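Visitor: I'm new to reading protein structures. Could you walk me through one, step by step?

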Amino acid sequence: MKAHQRKLDIRNGCVDLSHGSGGRAMSQLISGLFHEAFGNEWLACGNDQSAFDVGAGRMVMTTDGYVVSPLFFPGGNIGSLAVHGTVNDIAMAGARPLYLSASFIIEEGFRFSDLRMIADSMGEAARAAGVYIITGDTKVVERGKADSLFISTAGIGVVPAGLDLSAGNARVGDRVLISGTLGDHGVAIMSKRQNLAFETEIVSDSASLHDFVASMLAAGGKGIRLMRDPTRGGLAATLNEIAQQSGLGFQLQEAAIPVKPGVAAACELLGLDPLYVANEGKLAAIVAPEVAAAVLAAMRMHPLGRDAAEIGEAVADDHHFVQMATSFGGGRIVDWLSGEQLPRIC
Amino acid sequence: MKYADEFRDKEIAVGLAKAIRSEADPEKSYRFMEFCGGHTHAISRYGLEDMLPKNVRMIHGPGCPVCVLPAGRIDMAIRLAERPDVILCIYGDLMRVPGSQGASLLKAKARGADVRMVYSTIDAIRVAEEIPGRAVVFFAIGFETTTPPTAVMIRLAEKKQLKNVSVFCNHVLTPPAMQNILESADIRNIGPVEIDGFVGPAHVSTIIGTEPYEFFAEEFGRPVVIAGFEPLDMMQAILMLVRQVNEHRYEVENQYSRAVTRDGNLRAKEEVSDIFELRDQFEWRGLGLVPYSGLKLKRAYDKYDAEVRFDMNELRVADNPACECGAILRGVKKPVDCKLFGTVCTPEAPMGSCMVSSEGACAAHWTYGRFRDHQQRRAS
C-alpha cells in the first residue's frame, strides 16, 4: 500500500494542525516539501538525527532564530535569510560552514505555496553556499499563536588551523574596514511594511559571506584580527560591542562610510540613522594597519565587496567610545542603540 | 541626496564658522537657546558645538513634544489602553516615554493592552474602519506642526461618520513655552536665566508663521531667528543672532525663508482654530504648569474627545525632586550638573524629560556628546 494517498495540493492547500501531529500528514509535508527542496543524502535517510564525520581541529557552532516580517521582501525571504544569517555567523570566525539544521514553527492556515517558495530558496541558498541542511523539525501551532512562520537554525563549521579571530586581538592603530554599503536590508524590509510601504529600488543585501571571508583571509592572514556581521543594531552596535570587548575605542570618518543614496533618503524620511540599520550580507573587519591596503584590495575584487571601504581606526580610550568625525566637520559619539528601532528585521 | 546635501556642505560650514568666530566679541558670551528638538538633534548629530567658538554656547530648549509630555498624561493613556474596548493608536516614539513608577505604553502593550504604532492620523482612521466594534483612540501629541493632521483626522471621522474614533489631545503651543522659560516663578529657585537669543522653530513656524514671535522679541528684548533643521541653517542662524546681539537689536528674523512666511499656513491655522481651543494651563514635564500652553477639543467636538468620552481623570505625577530638567531646559544648568545624569537617568531608563528622546538636552548630550566631558576633564 502506498504511504500517501493523495499528493499535497501545493497550489491551493495550506498547513493545518495535522501537519505537525507526527502522523502521515506530517511525514508527507516533510518528504513532499522539505526533502525535495533541501535534497541531500542525510535527509534521505529519514533519521531523527544525521551523522557526519568530524575532521581534526576546531569547530564552531551557532544558532539563530528568524521572525522577519514581512516574510518576503525585495532581495529574499525568510528562508534565504535563515541560511545566509547562519552561514555568516560561522563565517565570522573565519570558518568554513558545513551543516545546518532548520526548525519550522508554522501557524495553521499557512499556504503550502508560500512554504514551498521559502523552502526552495533555503535549498538554493544552501547549495550556493555549499552547505547542507541535514536535520530539521516541523511544528504547527493554532492560528494566532505564531505569526505565519518562524524558523530557527543551527550551524556547524570548521576553522582553518591556526586561525583565532577574536575582539581580544584588536590593537591601537588597527583599521576598520567594511565590506559595502550600510542599511540595505533594513530599508528593504521597511519598504514593504504595512502602513509604511514606499517605492524604492533598494533590495536586501542578504548573502553568504564565507567565500568572501576566505578571500580576505588569503590576503590578510593573521593581520585580520576579527570580523563581525553588523545585523541588528547595525554597524553602531557591532563597533560598540568590539570596543567593549577589546578595551579600545574607535575613531570613524563619516565621509568614508558608504551608504546608497536610496538608503540615505529612506532613512532621512523615516528619521533613522543608517549606522543603526540592519545588514545581512555585510561585514566589518578590524585589521592590522600593515595589511589594510591588501585586504581592502582583495575585498574590492570580490563581487560582495565592490563598495568596501576603510572607515576608521582603533584608538586608546578608557571609555571605549566609538567616535566619529562628521562629514560636516564636527565630532560625535556613535552610541549603542537605545530601545528598538525596527522590530522583527531578521 | 539632492536638496539635502546642499544644506550640509562642509566648505560653506567652515566659512560660516569663521564668520561667527570673527564677529563674536571675545569679551562677551553669547548664550542662545534652540527651542526645537530638531535643532538639538542637528547640533548633536553633526557635531556643531565643535565648530563654534568657546564663548558661543547653545542651550537646548524644551521643544521635543515627547520629552515634555508629563508622566500623568502617560498614566492616563495607559489606563485608557488597558480598557478591553479600546485600541490606542500612537506615534512610535511615545512607546517608551516613562509614566509613573517605570510604567510605559510598551510595558502596557506587553501585558495585553492593544497599543498600535501608526505613522499618521490617517492610519488610525484606517484601523477604526477595519475594526468598527472597538473604540479607536488616537494619542495626539506635538506642537503646532502636528495639530493640523489631528484636525484633519477629526474632519475625516466626521465625513465618514465613524462613531468609534476619538482623540486624546495633548497638543501644545510654542510661544507660551518660550515665554515661560524666561518668566516662570520657578526662576526664583533655580537662578537667573541667561539667554541672549533664540533659534526659533522650523516646522512649527511653517504653520504659525513668524508673526507670533514678534511680541515675544519686543516684550523680552531677545532676538529670535527662525531657522531650518539642516546644519547650515543652524550655523547661519547663529551668525544672525551674533550680529543682532552685537548691534543691540532684538528682532524676529527669518533664516528659513524657503519654507516660512510671516503669516504661516492660513488653511491649517483655520482648521485648527475651528476644532481646538486653549486650555487654561497644561503641564509640561520639566517646566510644570504653563498657562495657555495646551489645546483641547472644542465643546462642539466632545464626541471626538477621549477625555470626555471615557470620562478620563486628570492624573498628576510629581517629577523626581533630584531631577534638574527645569534648570537644564532654561540653560541655568548643564546635563552634567545633574546628579541623576548618566547614573540612574539614561536613555534606557529615563527619569527626566530631557533624557526621554534623542532630541532632549540630556539624551542628546549622553548619546552624541559625552566624550567632550572627558576631553574637558583631561584638559583641565
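What follows is a short chat about this model, one question at a time.

Guide: This is a predicted model, where local features need pLDDT of at least 70, side-chain atom pairs count only at pLDDT 80 or more, and totals for chains, interfaces and linings use all residues. Residues are numbered from 1 along each chain as its sequence is written, while chains are lettered from A and ligands numbered from 1 in the order in which they are written.

Visitor: How many helices and strands does chain A have?
Guide: Helices (H or I, at least four residues) and strands (E, at least two) are DSSP runs, numbered from the N terminus. On that count, chain A comes out at 9 helices and 13 strands.

Visitor: What is the radius of gyration of chain A?
Guide: That number is taken over C-alpha atoms, and the globule rule to hold it against is 2.2 Å times the number of residues to the power 0.38. For 346 residues, a compact globule would be near 20 Å. Chain A agrees with that, at 21 Å.

Visitor: Which strands are at the edges of the open sheet S1-S6-S4-S5 in chain A?
Guide: Two strands pair if DSSP finds at least two bridges between them. This sheet has 4 strands with mixed pairing, and S1(A) runs antiparallel to strand S6 (residues 149-158), joined by 8 bridges. An edge strand pairs on one side only, and here those are strand S1 (59-66) and strand S5 (132-141) of chain A.

Visitor: Which helix lies across S1, S4 and S6 of chain A?
Guide: Angles here run from 0 to 180 degrees between N-to-C directions, with axes being lines fitted to C-alpha atoms, for helices over the stretch in contact. The one you want runs at about 150° to S1(A). That's helix H3 (residues 78-91) of chain A.

Visitor: Over in chain B, why do S2 and S9 each have one side without a neighbour in the sheet?
Guide: The open sheet has 5 strands in the order S2-S1-S7-S8-S9, with parallel pairing. Strand S2 (56-63) and strand S9 (252-254) of chain B stand at its edges, so each is left with a single partner strand.

Visitor: In S2(B), what is the bridge partner of Phe32(B)?
Guide: Strand S1 (residues 30-36) of chain B pairs with S2(B) in the parallel sense over 6 bridges. For Phe32(B), the partner in S2(B) is Met58(B).

Visitor: What percentage of chain B is buried?
Guide: A residue is buried if 20 or more other C-beta atoms lie within 10 Å of its own, exposed if 12 or fewer, and partly exposed in between, with C-beta atoms placed from the backbone. Chain B has 380 residues, and the buried share is 51%.

Visitor: Which residues touch the most other members of the largest nonpolar core?
Guide: A nonpolar core is a set of buried Ala, Val, Leu, Ile, Met, Phe, Trp, Tyr and Cys residues joined through C-beta atoms within 7 Å. This one holds 225 residues, and the best-connected are Met122(A), Leu88(B) and Phe139(B). Its largest share, 9 residues, comes from helix H12 (residues 231-246) of chain B. So the names to remember are Met122(A), Leu88(B) and Phe139(B).

Visitor: Where the chains touch, how many residues does each one supply?
Guide: Two residues are in contact if their C-beta atoms, placed from the backbone, lie within 7 Å. Several helices of chain B supply at least two residues each, among them helix H1 (10-23) and helix H17 (371-379). The count is 20 residues from chain A and 27 residues from chain B.
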